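Subject: A structure for you to look at

Hello,

Here is the structure I promised to pass on to you. Have a look at it first, and then read my notes below.

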Amino acid sequence: MKYVLVTGGVVSGLGKGVTASSIGVLLKACGLRVTSIKIDPYLNTDAGTMSPFEHGEVFVLDDGGEVDLDLGNYERFLDIKLTRDNNITTGKIYQHVIAKERKGDYLGKTVQVVPHITDAIQEWIERVAAIPVDGEDGPADVCVIELGGTIGDIESAPFIEALGQFSYRVGQGNFCLVHVSLVPVLNVVGEQKTKPTQHSVRGLRGLGLIPDILACRSTKALEENVKEKLAQFCHVPLENIFTLYDVPNIWHIPRLLKDQKAHLVISKVLNLASIVKEPSLEEWTSRAELCANLHVPVRIAVVGKYTSLSDAYLSVLKALLHAAVACRKKLVVDWVPACDLEKETEKENPNAYKAAWKLLKGVDGVLVPGGFGDRGVEGKILAAKYARESKIPFLGICLGMQVAVIEFARSVLCLHDANSTEFKPETKHPCIVFMPEGSRTHMGGTMRLGSRKSIFSVKDSKSAKLYGNKTFVDERHRHRYEVNPDMVERLEKAGLSFAAKDETGKRMEIVELPSHPFFIGAQFHPEYKSRPGKASPLFLGLIAASCGELDSVMNPSSAHQHLISNCPKNVFVNGNSKKASNGLADVRHNNGYCNGLYTR
Ligand code: GLN
């Protein structure tokens, strides 16, 4: 096993995760099997308890692991399936060591950060790196390890120490350290400044880690003299210094690395030069260019609670993007704060109320993502009502599905106090109820997490067709509440259709409104399994329906489907594409680019 460690210096938010994932893509393109580990030096044992507002979304894995959103990047870029142990946190390591101490495994020794915590970190890395994640047997060839945080943080000290020891343990030729840093340009002089990187490399060396490669983030490519200066002061060979300058979207980065021969440098450091082949990144390059050249917009409202931080819905955004690119449309996301749609806001802040409704009424499709807690729920219900009544394509995910059912019960069944017992335990018409798989009395560990089967019960439903007429699908879950099985019959009689259920038939997994052009809710989170070249079927349905092309994606024999499954080589303009249904010919985006997405 070979290891590539990616560290970050100067400031956070440099795109270390994307850099590490792109290195993985490049190595994979060289014919190597790649896995990855993300180290988060915080004390939480996992990301499950962390607020998306502070930390971005919680990513969910097949095994139910609630992990850092960077693992989502790895899964999407490398098309792999990671396990909860691929995310190491300080909390997990300490819990592991303390549990061993309680068992008496340390034989009377004083248990210390060095060597016990540092040994545990190294053992964890070696054990997890060997887990196959790409569907093939046996361990991968290379494990990319990303160390969260910035060099010099107090929290990461035990990890730095452990990784320093680890590099000696695995030996030269098996370990490559890539340090991601920042080269700012000062406006006054317009000069690329190397000092922050010099300092950060000095810090790294002081901690016992020697960088093999510098990946420098900057607005433009590094000038040759700047590289020379860095090489001289940081003691890194000139050809091992790469620039990651700003690009229109993150899919360009593997190619950017390849063009600077990063694969040759890494394979030389890792003693793999004799076995790697010339990487082909055609698919990535064409997708990146295609994405940058899409002009016909599709406007989607994301009606959520954390709309001021797009990372809170990162996988949803990526899944929308994958689907929009598959349909050759430029994704324009309108963030609609759910609270602002509520009557209360009309009184308290009429301008916000008006603005939110104006946004919602200008879109081609509506997405209500998952969520916890009652803030904004009434607004989400109103968004579902608007989409249902105005026949605007709608996709509800988890809580989004639940609000769609509540809204239907209220408006169509006239059960005006219909609600989820999560928000109103005493409701007379509980159409969403707590249905733990295990204990009813213990809240802890009652979340239904990870991959579960959804079996299609309505074969000619839109969702079954979008999923290619499969009998069942495995998607990832993260919820406690579900549609009340006692109300299913009534809801169905009134026109709702439960297109997929779990293996017991008691848990509703997909709901549809057959009389609507596209109105689907899923109890699971399809966004977690969406990939750049393989858009998630329900997202594809939403986007296609939003631009009036649903039939072509539901009919597998159509040319369009072919187009979707094969990433194009040079299709920059979709001659056949219609304008978005609201008639917008060009985009009104004004907040610029954000991770490959146009957002407002
Ligand atoms: N709060 C809801 C539940 O627990 C929905 C969860 C979600 O959207 N992920 O069932």
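Before the notes, one term: two strands count as paired if DSSP finds at least two bridges between them. Please also keep in mind that this is a predicted model.

Let's begin with strand β21, which spans residues 497-501 and pairs with β22 in the antiparallel sense over four bridges. If you want a place to zoom in, Ala500 has Ile510 of β22 as its bridge partner. Six residues lie between the strands of this hairpin, and Gly505 takes a positive phi near 80° there.

Now follow the chain on to strand β23 (residues 519-522), which pairs with β22 over three bridges, in the antiparallel sense. Here Glu512 has Ile520 in β23 as its bridge partner. β22 and β23 also form a hairpin, with six residues between them.

So how many residues of strand β22 (residues 508-512) are buried? Five of its five residues are, and the strand is mostly covered.

My last note is about cysteines. A search of the whole structure turned up zero disulfides. Cys327 is in none, and the nearest cysteine sulfur to it belongs to Cys547, 5.1 Å away. A disulfide needs the two sulfur atoms within 2.5 Å, so a pair beyond that cut-off does not count. Is Cys327 buried or exposed? Cys327 is buried, with a relative accessible area of 0%. Cys547 counts as buried too, at 2% relative accessibility.

Enjoy exploring!

Best wishes

Note on methods: Residues are numbered from 1 along each chain as its sequence is written. This is a predicted model: local features need pLDDT of at least 70, side-chain atom pairs count only at pLDDT 80 or more; totals for chains, interfaces and linings use all residues. Side-chain values use heavy atoms; hydrogens and water are left out. Buried means under 20% relative accessible area, exposed over 50%, partly exposed in between (1.4 Å probe, protein chains only). Helices (H or I, at least four residues) and strands (E, at least two) are DSSP runs, numbered from the N terminus.
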